[in-house]
Amino acid sequence: MDITAIMSERRGAHTVASLPLDLDLTIGQKPDEHCAVVGIIGKEQVFHNIIISLKALQHRGQESAGIATFDGSSMNLKKGMGLVGDVFQERDGMSTQPLAGSTGIGHTRYSTQGSKSLENAGPFVISSSVGYVALSHNGEITNQDRLREELKKKGSSFVTSSDTEVMLVEIAKDVAEFGMPRGIRYAMGRLNGAYAAAILINDRLFALRDPYGIRPLILGEFDGFYIIASESCAIDSLGGRVIRDVRPGELVEMTTSGPVSHFVYPARRTAHCMFEYVYFARPDSTIDGKEVFEVRKKIGEKLAEEYPVEADVVIPVPDSGRAQALGYSHRSGIPYDEGLIKNRYSQRTFIMPSQKSREAAVKIKLNPIRSVVEGKKVVLVDDSIVRGNTIKHIVSILRKAGATQIHVRIGCPPILSPCYFGVDMKTKDQFLASGKTVEEIRREIGADTLGYISIKNLTRSIEFSKDQLCIGCLNGSYPTYVQGKGYELQAALEGY
Ligand code: SF4
C-alpha cells in the first residue's frame with residue numbers, strides 16, 4: 001500500500017516536507033511526551049476554536065503546538081515550536097494565517113529529552129490509500145520498536161523516531177486493509193501502552209482511548225460544534241458542555257450530529273493514571289467523572305488525618321499544592337494562608353526540558369511572604385515530589401524568611417519507578433525518593449517533619465480502587481506490556 005508523508009507545502013503551513021533537511025533524527029529516540037489533544041467538527045470553520053481549546057490545555061505541553069484541518073480536498077497542517085500563541089500568532093484575536101476546514105485536530109507537546117526539534121511535534125499527517133490520515137496522540141506506545149520493524153518489513157517508511165508516527169502508519173495500514181471501524185479495532189490489538197488520540201481520516205473525526213483508559217479523553221459540544229479534548233477545561237473554554245468521557249477501549253466518531261460509538265474494547269481492568277489527579281490535569285477539569293480540584297482537597301484532608309501536627313499556618317506550594325493545602329487546613333483546623341508568591345511568568349519546573357533550566361526556574365519562581373511565615377510553625381503542602389529541587393529550595397527560603405518549623409506534607413506517595421506511559425519519569429535516579437527512606441528524604445530537603453500520603457489514602461481520595469488506577473510509578477507494578485519489563489505481576493518495590 002502507498003503511505004507517504006505529506007510532501008506539499010501550503011500557504012503559511014509547515015508540513016512534514018518543510019522540516020529542515022539536516023534534521024537530527026536521532027533526537028527524541030524515546031517518545032516521552034505528555035501532551036494535549038483536541039479534535040473539533042462542525043458546519044463552520046474550526047481553526048480558531050481549536051486554538052482556544054489548545055490554549056486551555058497549554059499546561060499539558062509547552063514546547064510545540066500544531067493543527068491539522070481538512071478542507072474538503074486537502075489536509076492543511078501547521079506546527080511549530082513554542083506556546084500555542086507563539087505558533088499561531090494572533091492579531092485582534094484572530095490568527096493571521098488560519099487553516100481552512102470544518103474538521104480539524106490539534107496538539108500541544110512537551111518534549112522530555114531537551115529536544116527542541118519539530119520532528120516530533122504533532123499532529124502527524126500521512127497520505128495513504130485511504131486518503132489523508134492525521135493523528136494527535138497523548139501517551140506512549142510501549143511496543144513501538146517492534147511495530148516499527150514489522151511495518152518496515154512490510155514496506156512502510158518512517159520520517160521520524162516518534163511513536164505517534166508508528167501508531168499512525170499502523171492505523172492507516174489496518175484501515176486500508178479492513179475498512180472502518182474494523183481496521184482501528186485491529187490496530188488496537190497491535191498497539192500496547194497508553195493512547196488517547198484524536199484521528200482525522202479525511203473529513204471523519206475519531207476519538208480513540210486505550211483499553212486501560214490510562215490517559216484522559218472527553219467529549220463535548222458547543223455552538224453546534226462537537227469536540228474531543230484531553231480535559232474538560234478545553235470544552236469549558238469554548239462555553240460548551242461535557243457530553244461524557246470516552247470509555248477505555250472505545251472508538252467514537254464525532255459527526256456534525258454528535259458522537260457515535262463504534263465499539264468498546266476494554267481491558268479486564270482500568271488503569272487511569274493517578275498522576276493526572278495528583279498533578280497533571282487542571283484542577284477545574286473533570287476526569288472520568290471526578291473533579292480534579294475535589295480529589296486534591298480530599299487528598300489534603302487525608303494527609304491531615306495521616307500526618308497531624310501542631311502548627312500555626314498551612315501554606316501551599318503555589319499553584320500545585322493549593323487544593324491539597326485547603327483540604328489539610330479544613331480537616332486540621334489550622335488556618336490556611338498564602339506564604340509564597342509565584343512569579344506568574346515563570347514556567348512549571350517539572351515540565352522544563354533540562355535539569356539546569358529547571359533549577360534556574362525555581363530561583364526566579366517563588367518568593368516568601370515574610371509576615372505569613374516569620375516566627376511561625378508552618379505546614380507546607382505540595383502535590384508531589386519528583387526530582388526534589390523545588391521543595392528543597394522552598395524549605396530553605398521559608399527558613400530564611402523566619403519560619404521556626406517546617407512540616408512538609410506531600411499529596412502523592414514517593415515516586416520510585418519509571419513511567420512508560422507518556423510521562424517524563426524514565427530513570428530511577430531522577431527521583432528524590434529512589435533508594436531512600438522517608439527520614440533520609442526529610443533530612444535532604446531540610447524539613448522538620450515529612451509525610452507522604454499513603455497509596456491507600458490516595459486511591460480513596462480519587463475514589464477509584466487500586467485496581468482501577470495505574471500506580472506503576474509508586475509500586476513498580478504496571479498495568480500493561482512494557483518492553484523488557486514484566487507487567488501486572490511485577491513485584492512491588494520494597495521500603496514504602
Ligand atoms: S506510571 Fe505513574 S505517571 Fe505513568 S501512567 Fe502510571 S501512574 Fe501515571
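Trainee: How does the shell of residues around the ligand divide into nonpolar, polar and charged?

Mentor: This is a predicted model, in which local features need pLDDT (the predictor's confidence in each residue, from 0 to 100) of at least 70 and side-chain atom pairs count only at pLDDT 80 or more, while totals for chains, interfaces and linings use all residues. Residues are numbered from 1 along each chain as its sequence is written. Ala, Val, Leu, Ile, Met, Phe, Trp, Tyr, Cys and Pro count as nonpolar, Asp, Glu, Lys and Arg as charged, and the others, Gly among them, as polar. On that basis the residues of the shell divide into 10 nonpolar, 1 polar and no charged.

Trainee: Which elements each supply at least two residues of the shell around the ligand?

Mentor: The residues around the ligand, taken as those whose C-beta atom, placed from the backbone, lies within 6 Å of it, are Ile-214, Cys-273, Met-274, Phe-275, Cys-419, Phe-421, Val-423, Cys-470, Ile-471, Gly-472 and Cys-473. Helices (H or I, at least four residues) and strands (E, at least two) are DSSP runs, numbered from the N terminus. The elements that each supply at least two residues of the shell are α7 (274-280) and α15 (472-475).

Trainee: How many contacts beyond four places in sequence does the model have for residues 486-496?

Mentor: The protein chain averages a pLDDT of 87, and 84% of the residues score at least 70. Over residues 1-33, however, the pLDDT is below 50, although this stretch has 84 contacts beyond near neighbours in sequence, a contact being two C-beta atoms, placed from the backbone, within 7 Å. Where pLDDT is low, the predicted coordinates should not be read in detail. With that caution, residues 486-496, where pLDDT also stays under 50, have a number of contacts beyond four places in sequence that comes to 23.

Trainee: How far apart are the end C-alpha atoms of helix α4?

Mentor: Helix α4 covers residues 163-178, and 13 of its 16 residues are buried, meaning that 20 or more other C-beta atoms lie within 10 Å of a residue's own (12 or fewer is exposed, in between is partly exposed, with C-beta atoms placed from the backbone). The expected span is 1.5 Å times one less than the number of residues. For the 16 residues of α4 this gives 22 Å, which agrees with the separation of the end C-alpha atoms, 22 Å.

Trainee: Which residue in the turn between β12 and β13 has a positive phi?

Mentor: Strand β12 (residues 218-222) is joined to β13 by 5 bridges, the two running antiparallel, and strands pair if DSSP finds at least two bridges between them. Strand β13 (residues 225-229) also has 4 bridges to β2 (residues 34-41), again antiparallel. Most residues other than glycine have a negative phi, and most peptide bonds are trans. In the hairpin of β12 and β13, which has 2 residues between the strands, the turn residue with a positive phi of about 45° is Asp-223.

Trainee: Why does Asn-202 count as partly exposed?

Mentor: Asn-202 lies in the loop between β10 (193-201) and β11 (204-209), and has a positive phi of about 55° although it is not a glycine. Asn-202 is partly exposed because the number of other C-beta atoms within 10 Å is 16.

Trainee: What is the omega of the cis peptide bond from Gly-122 to Pro-123?

Mentor: Pro-123 is found in the loop between β7 (103-110) and β8 (124-128). The peptide bond from Gly-122 to Pro-123 is cis, with omega near -5°.
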